[in-house]
Amino acid sequence: MQMTLSEAAAQLPELAARADAGEEVVLTRGDAPSVRLVVDRRKPTPAEKRAVLERFRGVAKGKPEWQGVTAATAADYLYDEFGLPA
């Protein structure tokens, strides 16, 4: 399907739906093709996924560890030996 840019302005949602359905949509300026609507369905490569994971691992390495504190012992730091707030 081909149409001019000025014609396409009023029909952009319909043209996007047609491109999404697999139809080739070419917009022209005058008689020359100018823009082709395509669907962006590119999936990240394994290398790109790995780079994201490594970035998050790097952020996590900078966080301090809770040296032996667990949910069971966390309250021990809030109260003294008599059960009163520290």
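Let me start at the hairpin of E2 and E3, where two residues lie between the strands and where Gly30 takes a positive phi near 70°; please keep in mind throughout that what we are looking at is a predicted model. The two strands on either side of that turn, E2 at residues 25-29 and E3 at residues 32-37, run antiparallel and are joined by five bridges. If you follow the pairing on the screen, you will find that Arg29 has Ala32 in E3 as its bridge partner, while Val26 stands opposite Arg36 in E3.

Stepping back from the hairpin, we can place these strands in the sheet, which is open and consists of three strands in the order E1-E2-E3, with mixed pairing. Its edge strands are E1, covering residues 2-4, and E3, each of which pairs on one side only. From one strand to the next, the twist averages 35°. Against this sheet packs helix H2, residues 12-20, which touches E1, E2 and E3 and whose direction makes about 135° with that of E2.

I would like to finish with a single residue of strand E2, namely Thr28. Is Thr28 buried or exposed? Its relative accessibility is 7%, and because the cut-off for a buried residue is under 20%, Thr28 counts as buried. As for its surroundings, and leaving aside neighbours within four places in sequence, Thr28 is in contact with Gln2, Met3, Thr4 and Leu5, and also with Pro33 and Ser34. Gln2, Met3 and Thr4 bring us back to E1, the edge strand at 2-4, and Pro33 and Ser34 to E3, at residues 32-37.

Technical notes. Residues are numbered from 1 along each chain as its sequence is written. This is a predicted model: local features need pLDDT of at least 70, side-chain atom pairs count only at pLDDT 80 or more; totals for chains, interfaces and linings use all residues. Side-chain values use heavy atoms; hydrogens and water are left out. Two strands pair if DSSP finds at least two bridges between them. Helices (H or I, at least four residues) and strands (E, at least two) are DSSP runs, numbered from the N terminus. Axes are lines fitted to C-alpha atoms, for helices over the stretch in contact, and angles run from 0 to 180 degrees between N-to-C directions. Contact means heavy atoms within 4.5 Å. Buried means under 20% relative accessible area, exposed over 50%, partly exposed in between (1.4 Å probe, protein chains only).
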